[in-house]
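Got your viewer open and your selection tool ready? Let's go for a walk, one stop at a time.

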Amino acid sequence: MHTPPTGLYEAPLPSDWPEPEALGFGRVLGPYLVHAQHGEDGHWHAPTVSVRNALPVPVASGGLQYGLSVFEGLKAYRDPRGQIHLFRPRDHARRLQQSARRVVMPEPPEDLFMTLCQLAVQVHARYVPPHGRGALYLRPTLYAEEEALGFRPATRHRLAVAVTPSADPAPKHLRLWAEHELTRAAPGGLGAAKTGGNYAAGLAGLQRARENGYDDVIWLDALTRRELAEAGTMNVFVQIGDEVLTPPLDGTILAGITRDSVLRLLRAEGLRVSEQRISLDELAAAQMAGQLGAAFGVGTAARLVKVSEIGDGERAIRFTDTGLPARVYDALKQVQEGSTHALREWRVAVPTPQTP
Ligand SMILES: Cc1ncc(COP(=O)(O)O)c(C=O)c1O
């Protein structure tokens with residue numbers, strides 16, 4: 001276990017520091033970066049802590065020029081005793097390795113990922129909101145930092161962890177815009193990698209959703225444009241009859257850690273759950289037959305958000321809130337925040353001096 005230097009990180013929060021609920025998401029960043037370089041020698045160097053803006057990213061780096069950048073998003077929560085835990089960090093480490101492999105970058109060893117994340121929490125311990133009032137979101141980012149314009153794998157990379165404290169977003173219902181013209185990812189592409197290019201591809205979809213009066217985009221499969229893929233930053237679930245469905249991991253969507261947690265919780269409730277293709281036509285038919293239940297999106301940042309409608313300008317599919325999303329939300333929150341002993345193998349404690 002890497003021990004952070006003491007002193008500097010223990011100063012109290014500024015007196016005008018906002019309450020967690022007023023922080024929004026991603027606007028207020030922690031003051032430090034915890035990082036490690038992968039050098040020309042082919043080895044990972046020792047972790048370092050810097051002030052956040054100390055790291056230059058050269059314009060001629062593969063990170064900026066060719067999108068050689070992959071990242072993760074995971075959270076640290078306080079349990080009822082104030083102890084901080086990371087939620088499923090090793091699963092995030094493995095997904096980062098898969099993303100890195102896809103874009104020919106060095107795969108950070110799982111233990112290095114764990115060390116950097118634990119250190120990032122330790123130096124920001126006082127920024128972790130109290131139990132039940134939010135989390136510290138960690139953004140481990142691996143990028144090519146070598147200055148070289150030739151198109152080839154880079155020889156120098158860095159894995160850096162930035163953090164942002166946040167509260168749960170206020171409960172709401174999302175209306176999702178089914179995008180028929182633009183697509184996010186095609187078979188064989190980058191869809192399953194958590195890499196910046198996917199978000200660059202997706203931003204115009206979000207914009208089109210907003211222009212059409214919707215909250216977020218729901219991507220359709222690139223080949224037929226008939227089947228649900230995923231929302232902007234969330235995987236989706238829908239309830240038809242007595243079954244809960246979510247699109248399969250076919251390489252075009254992100255294998256969400258929250259998706260996986262929710263599948264496990266739904267199955268533990270004894271529900272019939274299926275990872276299968278879901279077409280807009282099938283949803284419309286289920287609506288006509290009175291079989292359409294709830295829909296919801298899941299992801300680390302928002303946890304779980306209800307979906308009230310999927311529309312594309314031609315038709316609107318309206319979901320019925322059966323109470324399932326609230327039950328899943330509560331079950332997930334309890335596991336993540338350590339209010340239950342169930343699934344405690346998903347939580348990894350981070351040793352810190354006890355801060356209130
Ligand atoms: C495109 C996309 N899909 C799904 C998710 C949900 O993944 P996770 O549950 O691991 O946060 C995210 C979250 O970052 C995402 O960006």
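Start by selecting E40, which is exposed, with a relative accessible area of 54%. Here buried means under 20% relative accessible area, exposed over 50%, and partly exposed in between, using a 1.4 Å probe and protein chains only.

Before you click further, some small print: this is a predicted model, where local features need pLDDT of at least 70, side-chain atom pairs count only at pLDDT 80 or more, and totals for chains, interfaces and linings use all residues. Residues are numbered from 1 along each chain as its sequence is written, and side-chain values use heavy atoms, with hydrogens and water left out.

**Stop 1: salt bridges**

Keep E40 selected and add R156: their side chains meet in a salt bridge, 3.2 Å from N to O. To count as a salt bridge, a side-chain nitrogen of Lys or Arg must be within 4 Å of a carboxyl oxygen of Asp or Glu. E40 lies in the loop between β1 and β2 (48-51), and R156 in the loop between β6 and β7, so this pair ties together parts that are 116 residues apart in sequence. The strand and helix names come from DSSP runs numbered from the N terminus: helices are H or I with at least four residues, strands are E with at least two.

R156 is partly exposed, at 23% relative accessible area. Now add E145, which forms a salt bridge with R156, the closest N and O atoms being 3.7 Å apart. Both R156 and E145 lie in the loop between β6 and β7, so the pair ties together parts that are eleven residues apart in sequence. Is E145 buried or exposed? E145 is buried, with a relative accessible area of 5%.

Next, select R133 and E21, another salt bridge, with the closest N and O atoms 2.8 Å apart. R133 sits in the loop between α3 and β6 and E21 in the segment before β1, so parts 112 residues apart in sequence are tied together. R133 is partly exposed, at 30%.

Want a whole group? Select R88, R90, D91, R94, E110, D111 and D260, which are linked in a network of salt bridges. How many salt bridges does a search of the whole structure find? The search finds 35.

**Stop 2: the largest nonpolar core**

Select L86 and L138. Of the 34 residues in the largest nonpolar core, these two touch the most other members. A nonpolar core is a set of buried Ala, Val, Leu, Ile, Met, Phe, Trp, Tyr and Cys residues joined through side-chain atoms within 4.5 Å. Colour in β1 (32-38), β4 (74-78), β5 (84-87), α2 (89-102), α3 (110-123), β6 (135-144) and β7 (157-166), since each of them supplies at least two residues of this core. Which of these gives the most? That's α3, with eight residues.

Zoom in on L138. Leaving aside neighbours within four places in sequence, L138 is in contact (heavy atoms within 4.5 Å) with residues including L86, C117, V121 and V161. Apart from this core lies another one, of 24 residues, among them V236, L283, I317 and F319.

**Stop 3: aromatic rings**

Rings of Phe, Tyr and Trp (its six-membered ring) pair up if their centres lie within 6.5 Å; planes under 30 degrees apart count as stacked, over 60 as edge-to-face, and the rest as tilted. By this rule there are seven aromatic pairs.

Select F87 and W346, an edge-to-face pair at 5.8 Å centre to centre, with 90° between the planes. F87 lies in strand β5 and W346 in the loop between α7 (324-336) and β17 (347-350), so the pair ties together parts that are 259 residues apart in sequence. F87 is buried, with a relative accessible area of 6%, and W346 is buried, also with 6%.

Move on to W177 and Y214, a tilted pair: 5.6 Å centre to centre, 50° between the planes. W177 lies in strand β8 (residues 173-179) and Y214 in the loop between α4 (196-211) and β9 (216-220), so parts 37 residues apart in sequence are tied together. W177 is buried at 8%, and Y214 is buried at 10%.

Stay with Y214 and add R175, which lies over the face of Y214, at 4.3 Å from the ring centre. A charge sits over a ring if NZ of Lys or CZ of Arg is within 6 Å of the ring centre and within 35 degrees of the ring normal.
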